Structure formats: structure tokens, C-alpha cells
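Colleague: I have a new model open and would love a friendly guided tour. Could you take a close look at one part of it with me?

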Amino acid sequence: MADAPREAWITGIGIVSCLGEGADAHWQGLAERRIKVDAETFAPYLVHPLAPLDLDKQIPKKGDQRQMEPWQRIGTYAAGLALADAGVKGNAELLARMDMIVAAGGGERDVAVDAAILTNKPKAANPEAFLNERLMSDLRPTLFLAQLSNLLAGNISIVHGVTGSSRTFMGEEAAGVDAVRIALARIAAGQSELALVGGSHNGEREDLLLLYDSGGHMLRGAFQPVWERAKGMVLGSLGAFLVLEARGHAEARNAKPLARLSGVLSERSGRAAGAIPAALARMWQRLVPPPVPAGIAVISGATGAQPATGEERAWLKTLPDVPVRATSSILGHGFEPQFAMNIALAALALGREKLFPAVDSSGVEREYEGPLERVAVTAVGHWRGEGMALIEAVT
Amino acid sequence: MASGKNGQPVVVVTGRGIITSLGAGKADNWAKLTAGESGIHRITRFASEGLKTTIAGSVDFVPVEPFCSTELGERMATMVAEEAIEEARIGSKGDFPGPLFLAVAPVEIEWPHRDVLAAGSGANDAVGYDDLLRASASGRFHAIHERCLFASVAEHLAERFGTKGSPISVSTACASGASAIQLGVEAIRRGEAEAALCIGTDGSVNAECLIRFSLLSALSTANDPPQAAAKPFSKNRDGFVMAEGAAALVLESYDSAVARGAKILGVLAGCGEMADSFHRTRSSPDGKAIIGCIRDAITDAGLTPDDIDYINPHGTGTPENDKMEYLGVSSVFGERAKSIPISSNKSMIGHTLSAAGTVETVFTLLTLEHQRLPPTINYKVPDPAIPLDVVPNVARDAKVRHALSNSFGFGGQNVSLVMSREPA
């Protein structure tokens, strides 16, 4: 049967958000508690807008950029950063056998086309024929490819040459957790040596606000950090990719570990009252067997949606000595890539041997200046799905 | 035999379920498929005025009113999962002892949802997203949120069938159904699970989805008669025919199946995968990724190309796919390529998109079980550039021990599966 699980290292991270791109920009932004919120563009909704990117740096061909909608550009850009950070960018031999799992939603709609159709369809003599006629003439033929979930992975293959394998998981936050879980499980079991895993999200989209607020999940009006809200999410534009590598593979090519990805678990709690704290407690027990070690922190993927965030908060109260940070207060909530982003930020913090400051006056987060040796990253999906990862310093 | 390559568990199939435009269930589908019947018909679900393509293999006998592609996909997935679990006699009702891997079309807010929100906005004249947002914020449309989340189909199936752990929804475009099976095989080989429920489903025949493929010039426009439109490997092939369907497999470790006395219906012997970095919709002209993917699947099964007796191709009937698939097959199988039977189910059921890999895996397993090859229908004008034995127009008996099934998708996705009749 299977041998003992193999150790997996994080050997590269690529992150973009409202704080900018890369490790230093994020560390600096977190250290300064820099909250960038646009309250105008989609008022009464808020968004953490993506910092401007010089796309040419990671997507050199303008033709490739034109074939993508923003969500794909964000992801392809972040993937390039991760590959460069791991020292595998442009290494055709490694990229040809690199496995890829992308967590993705769908792409942007052409909202002008939608609005024109909704305005004029009811007045048409034959509304169905009118819809056909407008879509046939108004949809750009390549828009479909910019909307298809698996075409972020497709673009990463084309732009960066990652071709060992390519899988796209869909399903909001849980897809982001399971992408990392499966990538790790394959490395641990010897099914994979080197993997690119992550996703992207464009939060500056009315079509997404429509989806999430039909469930009553969006914050409207004044901004508050996530633990201080009664309820509500603020969308963020994020790209986050990790390069995961079997330890032996990394050592053989002299790649340095940013951190060890020691475990990833996911659950489907079903969301009966109290199910979320129970699921989180089960995962914590497996990843961090008691007693709770010193030098551990939680980086939370709390979304602001209820009851999810309230139940996560109830569980966190059972760990009074563990410092907590919810990154959506600064970055916004990005669904599919949030988990990979938080794992990347955990690796950053472990590399700097300290936790970044709190952004909360509600009592969940408190300042922590002590040593940092391991981080548990949580993900409690706004509707479904729970996950947890343990990231540890490689000493 | 408890273990295969590297001491990993051998993965077998103990349950199968299927729906296509030919009907519901294995018996009906197999009878019609081997009789060379087509499920392609004129679209009646929505108006086809102004469309270049007016035919599809839609599944109209599963009623969804008002129509919603995701809803149809979920209903078909439920039906095929019930059929597969019943055949496997595994677990107990609502308690399937393993994870769920679901191939599903990307979920989105559809036009009927938008129409409801527009009406609910009370806008008098011009309707914009501001108006839709005002309606959605009213709290009266919670059902749209749940229905249009990507996770919703898998969540509902996991709840109903009691699968274990977080359900995974996978998309590799038109290879999704094969990817879902591959994920199940890998989970069992890792020893994470003794069984897995792998489902592919697609109910995408709505106006916008059809128009998207039409704008990419991917669809056949040979509307009359509809049954003759899908012409894989023919010289006059002019595109694929959109279709709907679903299929489910119960995968199980050989040891688990034997231990509980389950009937083994076939072996999922090998999986191969390779991404193509050439173009968003076209394969690299040298066929590298297709060739690599087929070779990897055969190697993963512990076989050589000489062992493959039958190929269930991707075989969409687009000029590009069939040409490139021939290049891949002829490169891997050499001189033998001309004599290995290769027949496209899509000539009869059309292209079931996200479900195709799973649907065609079930048909390949039925081919192994019955030792009978379904035909490629509408094969009237052979393409001299594709000299293959496509089992033209009429089914025939054959000895098949090992079969290959190919699935390719936009975005450079290539997955091949190798199935065997019995464990080695």
C-alpha cells in the first residue's frame, strides 16, 4: 500500500490584490493596515479595487491580454509571479510536467449587452427571436472563452507553458480549499512532484454583486472590518497562486522552502446550527493535536456572511490564546482564491517570523508580537464548505 | 488481484447510470445506440428564429419549467446516480461510502433569472444592472442565489446521496466527464476512499449557450434532417451537434468490491492527461498533447498500444477535432491505427459537453460488457485523410479486452481513459 506521506513545501507564491503585487507590497500593506475601499463605483456596494498592474510584465503578448477578461488577466498574472518566485518560470522541462489545479468561477458578462436586451426584449413582437438576434450580433465571439471557468487554466498553459496537467475546480470558497487539498494529497502520495495551485477573482463586477446580494450577503453603506459587521461581504479582486513541491524535488533543484504545507482538510458540514464550529473543531484537532502549541496563529477566511462568520467567531472563542487575523478586512472577499491567498500570507508571515497587525475593534483580533512558527488558515464558505490548512516554518 | 502498479489499489466499476437524448437508463440507451438511432432533433425548447443551427440532442423528456440549464443538469445527475448506485448495491439509501466528483457545466445566472429580476425591479423603461441590483437587494430572490452558485449542484447531490467529504465540481470543458473519473481513480489509488461516485451532467441547450458555440463556428449547420447532422470522421463533417445528458459511475477498489461480493463491470485501468499550450480552441499542430495523453493512459494501465482493441474517440465531427484526433491515434498506434475499430457515439447522441467523458465511459463499459461495437452513423462520405475503421453505420460484434476513451476540451484539455473487461 501507500508509503508514508511525502512532505510538501511551498516554494513560490504569486499574489495580487488592492495592496499591489508580490510579497513585499502585501507585507507592507498589512503592516500599515492599509484599507483601500471604493465606495463610489458600485454604491451602495463597496469593493477593494485591484491595484493597477503592468500586465506586460507577466502577459507579454497583447494578443493574449485581449483574449482575456479581467478575472483571467489577474489569475494569469499572479500565476506568473508564483512561477517566477519558485524559480521555475521559463523552465520548459519543469513546466511540461508541472500539475495545475485552478479554482475558478465564471467570467464577466457584457453588462451593456445584457441591459440593452432586458430593456428592449419585452417590447419585441417575438421576445425569444429578439434575444437570438441580439445575442447573435452583439456577443463578441471570443467572449465565451473569456467566461469559461477552465480558460484561466488554459491561459496559464498558453502564456506560461504549464502543461503537465490542468484541472479546474468550481464551487466558490470550497473549490479553493479542495484545489489545494487535492494538489497536496497528490504530492503526498507520490502522484505529483510539482504543482501550481490557486485562482483569481475580479470583484469589480455588477453581475457578481447581483448573484451574491440575491442571497442577501453584500454589505451596503459604510465600510467596517469583517468582525465588526452585523453581516455582509465586501468583494475584493484577488489573484493568488502557490507553487507546491515535493521536498525531495525541491531539494534536488536547490529550491528554498517558503514554508511547509503540513495538511489541508475540508468538510461539508451541511450548515445545521452549530455545524460550522463542530467542523472547524474536528479539523483543528486533526491538524493541531492538543495541547495547542506556542507560536501558532489563525489566518481566517471569514467572509462577513452570516451565519458563517458568526459561527466561526464562536469557534475562535474556544482558542482564546491564539491570535487571529481575517484578511478580508483589508483585501476584500475573493471566494475561489481566498484560501490560496491566505496560505500565501501565512507563508509570508512565517518567513518574517511575525504576525501582521490586527484590524478589528470587536475583540476577535488582538495584537501579537510573539514568535510565529505555524499558522492555521480557515475557510468557511459564505454558503457552504469548510476548510483548514496548517502551514509551518521549515527550520 | 489486490494491487496494480506501485502497489496501488486497482479501481473497478460496480455501478453505471446514463441519460442521453436517446432515453433514460442503460438498457434503452444501449439498444438504441447499437441500432444506430439518432437522438438529434429540431429544437423546440426555445425559438430558433435567426439561428444558424436549429437542432440539438436536448433531453426534453426530463421536464424543467421554467427552463434552467443548471436545474436540468441537477435532475439528470440525480437520475443517473440513482441508477448507478442501484446497480452497485453499495452503501444504504442516502449514505454512499465515498466522495463525489462531479463534472458540471459552469453555472451562471440565466436569462429567465434575469427576466425575473428585471420584472421585479419595477423599472419602467430602460433596465440596467442598477435596477436588477435593486431587485436582488429586496430579499425576494434568495432562490436565485442558491441555484446560481457553482457549488449548488454538487451540494444538493452530496446531501441527497450522502457522499463523504467536500464534493468536488470539476471543469475541463469538454473533457470534464473524464476528469471527474480520473479524480475518483486517484482518490481510490491514494487509499483515501474505497469507493467514489463520479458523475458528469450537462443541460446546456439554451439560446445563449448555443449561440456561443455558434459564434465560434463549432456547430454543424446541416439542420435537415437533424439525424444526419453529426458526421464524425466524414469528409463532409461540418461541426458538432450540442446535446445534453448525464452519466454516473460507482468506482470502487477491487478489494472492496470483492469483499462485499459486488459484480465487477469493468476496470478503470489507466488515466492520462496532458495540457496543450498552443491555442485556446485548437490543438498544437504536432498533436503533442493528444499523443502524450493517450500514451500516458495506456502506460498508466500497464499496457502497450498493441493491447488496445477498441477506441471510443472524442470524435466530435468538427473538421479540426477529427483531423487532430486521427493524427494522435495514428501516431500512437502506427500501422495498427487503420485496423483498430473506432466509433463515435456523438454521431448519434451529439456532444454532451461537460458530461461527454462520463457518458462515453459508460458506453465504452457497455461495449466491453456486450462485446459489441456501436457504429459511427452518417458515415456516407469517407475522408481519405482519415483512414480509420469507424464501424461505419452498423454495429458489429468484436472481441474487446481493453478500450481507450478520449476526451478533449477548449483550453488545451486532453484526458484519456483506458478500460479493461476484467482485472489483469
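Among contacts in chain A between residues at least 6 apart in sequence, what percentage join residues at least 24 apart? Please start there, and then show me how helix H12 and helix H13 of chain A pack.

Modeller: Happy to! Please keep in mind that this is a predicted model. For chain A, the answer to your question is 81%: that share of the contacts between residues at least 6 apart in sequence joins residues at least 24 apart.

Let's first get to know the chain as a whole. Chain A has 15 helices and 13 strands. Its C-alpha atoms fill a box of roughly 70 × 50 × 40 Å along the principal axes. Chain A has 395 residues, so a compact globule would have a radius of gyration near 21 Å, and the value for chain A, 21 Å, agrees with that. Of those 395 residues, 62% count as buried.

Now for the close look. Two packed helices are described by the angle between their axes and the distance between the axes. In our pair, helix H12 of chain A covers residues 275-287 and helix H13 of chain A covers residues 308-316. The angle between them is about 50 degrees, and their axes are 8 Å apart. H12(A) and H13(A) are therefore oblique to each other, and their crossing is right-handed. To find the contact on your screen, look on H12(A) for A:Ile276, A:Pro277, A:Leu280 and A:Ala281. Across from them, H13(A) brings A:Ala308, A:Glu311, A:Glu312, A:Ala314 and A:Trp315. Sorted by type, the residues of this contact are seven nonpolar, two charged and no polar.

You can then step back to see where chain A meets its partner. Here 64 residues of chain A are in contact with 65 residues of chain B. Several elements of chain A give two or more residues to that side, among them helix H5 (111-120), helix H9 (172-188) and strand S9 (259-267). The side of chain A that touches chain B divides into 29 nonpolar, 23 polar and 12 charged residues.

Finally, a few words on the partner. Chain B has 13 helices and 14 strands, and buried residues make up 65% of its 424 residues. For a chain of 424 residues, a compact globule would have a radius of gyration near 22 Å, and chain B, with 21 Å, agrees. Among contacts in chain B between residues at least 6 apart in sequence, 78% join residues at least 24 apart.

Technical notes: Residues are numbered from 1 along each chain as its sequence is written. Chains are lettered from A and ligands numbered from 1 in the order in which they are written. This is a predicted model: local features need pLDDT of at least 70, side-chain atom pairs count only at pLDDT 80 or more; totals for chains, interfaces and linings use all residues. Helices (H or I, at least four residues) and strands (E, at least two) are DSSP runs, numbered from the N terminus. The radius of gyration is taken over C-alpha atoms; the globule rule is 2.2 Å times the number of residues to the power 0.38. A residue is buried if 20 or more other C-beta atoms lie within 10 Å of its own, exposed if 12 or fewer, and partly exposed in between; C-beta atoms are placed from the backbone. Two residues are in contact if their C-beta atoms, placed from the backbone, lie within 7 Å. Axes are lines fitted to C-alpha atoms, for helices over the stretch in contact, and angles run from 0 to 180 degrees between N-to-C directions. Angles under 35 degrees count as roughly parallel, over 145 as roughly antiparallel, 65 to 115 as roughly perpendicular and the rest as oblique. A crossing is left-handed if the near helix is turned anticlockwise from the far one by less than a right angle, and right-handed if clockwise. Ala, Val, Leu, Ile, Met, Phe, Trp, Tyr, Cys and Pro count as nonpolar, Asp, Glu, Lys and Arg as charged, and the others, Gly among them, as polar.
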